[in-house]
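Please open the structure in your viewer and keep the selection tool at hand. The tour below proceeds one selection at a time.

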Amino acid sequence: MSTYTVTDPRKVTTKRIADMRQSGEKIAMITAYDFTMATLVDQAGIDIILVGDSASNVMQGNATTIPITIDDMIVYGRTVVRAVKRAMVIVDMPFGTYQGDPIEAQRNAVRIMQETGADGVKLEGGREVRTATEMILRAGIPVMGHLGLTPQSINKFGTYSTRAQDESEATRLLADAKVLAEIGCFGIVLEKIPAMLAAKVTQSISVPTIGIGGGGACSGQVLVLHDMLGLNREFKPKFLRVYNNLGEQIIDSVGNYISDVKSGDFPNADEQY
Ligand code: KIV
């Protein structure tokens with residue numbers, strides 16, 4: 001039984017997200033990539049659904065987010081949008097679609113918006129993607145930033161360990177957050193950075209921060225659905241709270257079904273015509 005009740009059934013917009021930050025209401029965001037899951041998390045009352053490029057890992061079985069393509073993201077995005085009535089839907093721009101020519105970045109973001117029906121896009125990075133971000137914003141597309149551990153740069157980092165632990169990286173991250181907020185991003189994901197730094201960023205900018213391993217002072221939180229449901233049983237970072245053991249439940253259920261088929265117990269007299 002859920003402990004949460006939706007009080008406002010209207011569609012969540014960038015204005016609502018800004019109002020939530022203003023009023024101190026925490027923003028709940030989660031990933032989804034398919035129709036069934038998106039329907040359920042929307043019914044649960046989630047504020048933002050992120051069609052994350054983590055689909056590369058949890059849907060496609062890749063080791064990183066590098067291989068997923070814009071065509072893949074459009075299929076996942078369109079499928080989620082079809083399911084959702086209330087939540088805001090944000091689609092990740094995948095690796096290689098915005099780091100180069102800003103005009104191409106704008107074209108790719110327009111394509112994602114037109115072909116999925118999403119409410120905005122998310123992209124990783126700070127000042128190095130400033131011009132691309134500005135071009136996308138200029139097209140009237142809401143942009144969510146993403147700083148700290150940015151998985152599309154994993155080959156540059158060489159590790160998934162906590163970012164911005166030293167002063168120079170922390171200073172750079174804070175400056176990047178200020179730039180993203182000033183140019184018009186409606187929110188910024190802060191992934192795997194010290195909680196004190198995330199708190200400082202949250203106090204220093206006028207748009208909401210959404211933490212994933214960013215601590216409790218962020219304006220909201222995001223988790224990958226498969227991780228928090230216990231479907232992805234190998235992934236256990238400190239920041240993850242696991243709310244269910246669906247992985248075990250699926251294995252048990254399918255195992256029981258196999259036993260019933262093999263023993264002839266299924267179907268019984270009531271389960272046939
Ligand atoms: O792709 C994703 O799921 C993300 C979240 C981890 C924020 O970017």
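Select the ligand together with the residues around it: 13 residues surround the ligand, and the closest are Gly-52, Asp-53, Ser-54, Asp-92 and Lys-122. The model shown is a predicted one. By class, this shell consists of 5 nonpolar, 4 polar and 4 charged residues.

Next, display the side chains of Asp-53, Ser-54 and Asp-92. In Ser-54, a side-chain N or O atom is 2.5 Å from an oxygen atom of the ligand. Asp-53 places a polar side-chain atom 3.0 Å from a ligand oxygen atom, and for Asp-92 the corresponding distance is 3.1 Å. The ligand by itself exposes 260 Å², of which the protein buries 95%.

Where does the ligand sit? It occupies the second largest pocket, which holds about 590 Å³ of space. To view this pocket, select Ser-54, Pro-151, Glu-191, Val-224 and Phe-235, the closest to its centre of the 30 residues that line it. Then colour strand S1, helix H3 (55-58), strand S6 (187-191) and strand S8, each of which supplies at least two lining residues. The lining comprises 15 nonpolar, 7 polar and 8 charged residues.

Finally, turn to the largest pocket, with a volume of about 1300 Å³. Select Ala-28, Ile-30, Leu-223, Met-228 and Tyr-243, which lie nearest its centre among 39 lining residues. Two or more lining residues come from each of strand S1 (27-31), helix H2 (35-44), strand S7 (209-212), strand S8 (220-223) and helix H10 (225-228). Here the lining divides into 23 nonpolar, 11 polar and 5 charged residues.

Definitions and conventions
Residues numbered from 1 in each chain as written. Predicted model: local features only at pLDDT ≥ 70, side-chain atom pairs only at ≥ 80, totals over all residues. Heavy atoms only, no water. 1 Å grid on protein atoms, 1.4 Å probe; cavity = no way out; pocket = protein on both sides within 12 Å on 5 of 7 lines; lining within 4 Å. Points joined across faces, edges and corners; volume = space filled by probe spheres on them. Helix = DSSP H or I, 4+ residues; strand = E, 2+ residues; numbered from the N terminus. Nonpolar A, V, L, I, M, F, W, Y, C, P; charged D, E, K, R; others polar. Near = heavy atom within 4 Å. Polar contact = N/O pair within 3.5 Å; in protein donor to acceptor, adjacent residues only side chain to side chain. Areas by Shrake-Rupley, 256 points an atom, 1.4 Å probe, with all protein chains shown as cover. Sits in = over half its atoms within 2 Å of the grid points.
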